[in-house]
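Open the model in your viewer and keep the selection box at hand. This tour goes stop by stop: what to select, and what is there.

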Amino acid sequence: MTVLPAEATRPGTCADPDLAAVLDRVARIVGTDGVTLPAEETNGTEAGPLGPNAGTYRSRRLHAVVRPRTAEEVRRVVESFADGRTAARLHTHSTGGNWGLGSREPAQDGAVVLDLRGLDRVRDIDVAAGWAVLEPGVTQARLARLLRGTERMLNVTASSAHTSVVGNALDRGVGLRHQRVEDLTGLEIVLPNGELIRVGWWPEPGRPTPVYTHGLGPSLVQLFVQSSLGVVTAATVRLLPRPDALRVIRLNFGPDTVESATAEIRRWVSQGLTRGVVKIYNEAAAKAYGSPPGQYLAHVCVDGTPEAVDALSGIVTVEAVTSGLFSAVSDTDAGDPAADNHDIAVRVERAYAGDPDPTDTLFEAKTGHPAARLDEEGGFLFFLPLVPFTGPALARAHHLIEQVRAETGTRCGATFNALDADLVDCVVTMRFPRTETEADRAHRTLDRLYELFTAEGFLPYRLDIEHTEWADRLTPGTGARDFARFLKTAVDPHRIIAPGRYA
Ligand SMILES: Cc1cc2nc3c(=O)[nH]c(=O)nc-3n(C[C@H](O)[C@H](O)[C@H](O)COP(=O)(O)OP(=O)(O)OC[C@H]3O[C@@H](n4cnc5c(N)ncnc54)[C@H](O)[C@@H]3O)c2cc1C
């Protein structure tokens, strides 16, 4: 039997005897080195056992951080809390890189945090059939490395190469090819009662069933995305066909032509001239990509056979030039070592082609810090509304960001990710020095962004840990939230999983 260290049962850190008993049991499941208790209660301003977070959100009061290493350990840990006798609630993260939205912090006080970085096995992979079974600790860099030189690739995000594929998909993250939930085909979940189930598609030994998410009857995978109904211990993830050739066309335009230039780009998307997510960066966001000051930047990807890539980039380039809307158009930066932005262009193309940069060079250019130190050193907030993909709507988003700048003095970066011809994921970023004054200002700006964008109908699709109540505020009285609460009560009557996180 594992002997607990003195601190595991130290009076004062865990006043609730029921909780102390559960944490002792948990320490026997995961080992004493797999449990961290708070050295002292935080007073709301000090960083707790999770350390600081890049968003400078208040550190929540935690009872413990638990680090299981297998799905069975997770199952037994959840089962230990299942009777709801303790007041502690479980919050789960994968690699915990939810920067700008709360990092590893739960939404509410009184949580036990399940850190799933130790579940890091690629359990199975079939490149020919296009799937992998991943645990939450598997990073995009690791999976991409396994796929190098094969006919398949990963849908990579613009975040650190060392972030989780599963964790990002579970918060409806956005890759360079499409939203990551589209790649989730099956989930393994520990339910609040400690039962482990699998939903969606899972490989069957000896029977090559086609990869299909929905199964028969209600489609269950999405129930566990942005969800407080369970803890995900593995996922089946789609691997995309790798194109023979790929090019990213760079275009610049001035802020005064946002409406017409983005409408022109939208036409290319709707006519099928582009592949993957077109990214449009405002002046502040474009700087990290070597754009001239005061200019918007667009990345338009074309891929397929080499002949198709030549033809499509030729068509897009001619359309861009003849439109007269763009101040610069180039489809050769990545292929021309003499080009000003050659190095950046190569990294951008590689990412679209499923190859995240393990050195995180662009990530560091955007945040000013290495991923491993962003939580301690950085000041970074995100606001993520959806905007219709029309010229007037994107121009309006641009004006709202300018309005916020005039009101608060905060210059926000904005990236418009075109998810299809009708929908844009608008990523608004605030980067600030880690002083109290600047952090306060950034948080006031964030509140103002919520107010202004939602009044316009541009509603967020991911929430940070301080704005979780917006899930109720934003959903009109269709009965959907009541139904979600009904499901929560049925599946998790003691509300032991992630209260406040989207529920
Ligand atoms: C410069 C920069 C660029 C970025 N670019 C992108 C981008 O292109 N696309 C994008 O989507 N994001 C981006 N991000 C945001 C963020 O870094 C990514 O979404 C990142 O992948 C999230 O971290 P993670 O994968 O470690 O997920 P985690 O932080 O581990 O998880 C995210 C959330 O999902 C839930 N969750 C995670 N794991 C589980 C589980 N096993 N069971 C139940 N619930 C779970 C929890 O609510 C958790 O808070 C960027 C951030 C920065 C700073």
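Which residues lie nearest the centre of the second largest pocket? Select R172, Q226, A471, R481 and Y502. They are among the 28 residues that line this pocket. Bear in mind as you look that the model is predicted.

**Stop 1: the second largest pocket**

Stay with this pocket, which has a volume of about 700 Å³. Now colour the elements around it. β19 (460-462), α13 (470-474) and α14 (480-491) each supply at least two lining residues. Give α14 its own colour, since α14 gives the most to this lining, with seven residues. Next, colour the lining by class. You should find 17 nonpolar, six polar and five charged residues.

Why does this pocket lie between two domains? Select domain 2 (122-241) and domain 4 (379-463). Both give residues to the lining, so the pocket lies between them.

**Stop 2: the largest cavity**

Clear the selection and go to the enclosed spaces. There are three cavities of 30 Å³ or more. About 240 Å³ of space lies in the largest. Select T157, A158, R347, A351 and L362, which lie nearest its centre. In total, 23 residues line this cavity. The elements that give two or more residues to that lining are β13 (278-281), α8 (342-352) and α9 (361-367).

Colour by class again. The lining of the largest cavity has twelve nonpolar, five polar and six charged residues. Then show domain 2 (122-241) beside domain 3 (243-353). The largest cavity lies between these two domains, because both give residues to its lining.

**Stop 3: the second largest cavity**

The next cavity has a volume of about 60 Å³. Which residues line it? Select V248, R250, H299, S330, D331, T332, D333, A334, A345, V348 and E349. β12 (245-253) and α8 are the elements that give two or more residues here. α8 gives the most, with three residues. By class, the lining of the second largest cavity splits into four nonpolar, three polar and four charged residues.

Keep α8 on screen for a moment. α8 gives two or more residues to the lining of the largest cavity, and α8 also contributes to the lining of the second largest.

**Stop 4: the five-stranded sheet**

Switch to cartoon view. First select residues 57-242. An unreviewed UniProt entry annotates this span as "domain: FAD-binding PCMH-type". The end C-alpha atoms of the span lie 39 Å apart. The span is 13% helix and 26% strand.

Now find the open sheet with the strand order β5-β6-β10-β8-β9. Its five strands pair antiparallel. Which strands stand at the edges? Pick β5 (122-126) and β9 (196-200). Each has a single partner strand, so one side of each is left without a neighbour in the sheet. From one strand to the next, the twist averages 10°.

Zoom in on β5 and its partner β6 (residues 131-134). Four bridges join these antiparallel strands. To see one pairing, select I125, whose bridge partner in β6 is A132.

**Stop 5: the eight-stranded sheet**

Move to the open sheet whose order is β15-β12-β14-β13-β17-β18-β16-β19. This sheet has eight strands, and the pairing is antiparallel. Select β15 (328-330) and β19 for the edges. Each of these two has a single partner strand, so one of its sides has no neighbour in the sheet. Here the twist averages 20° from one strand to the next.

Some strands here will look familiar. β19 supplied lining residues at the second largest pocket. β13 did so at the largest cavity, and β12 at the second largest cavity.

Finish at strands β17 (residues 413-418) and β18 (residues 423-431). How many bridges join them? Six bridges do, and the two strands run antiparallel. For a last selection, take T415 together with V427, its bridge partner in β18.

Methods:
Residues are numbered from 1 along each chain as its sequence is written. This is a predicted model: local features need pLDDT of at least 70, side-chain atom pairs count only at pLDDT 80 or more; totals for chains, interfaces and linings use all residues. Side-chain values use heavy atoms; hydrogens and water are left out. On a 1 Å grid over the protein atoms alone, a cavity is a set of points where a 1.4 Å probe fits but cannot get out, and a pocket is an open set with protein on both sides within 12 Å along at least five of seven lines; lining residues have an atom within 4 Å of a point. Grid points are joined across faces, edges and corners, and a volume is the space filled by probe spheres set on the points. Ala, Val, Leu, Ile, Met, Phe, Trp, Tyr, Cys and Pro count as nonpolar, Asp, Glu, Lys and Arg as charged, and the others, Gly among them, as polar. Domain bounds come from an automatic or database domain assignment. UniProt positions are given in the numbering used here, feature names are shortened, and annotations may be inferred rather than shown by experiment. Two strands pair if DSSP finds at least two bridges between them. Axes are lines fitted to C-alpha atoms, for helices over the stretch in contact, and angles run from 0 to 180 degrees between N-to-C directions.
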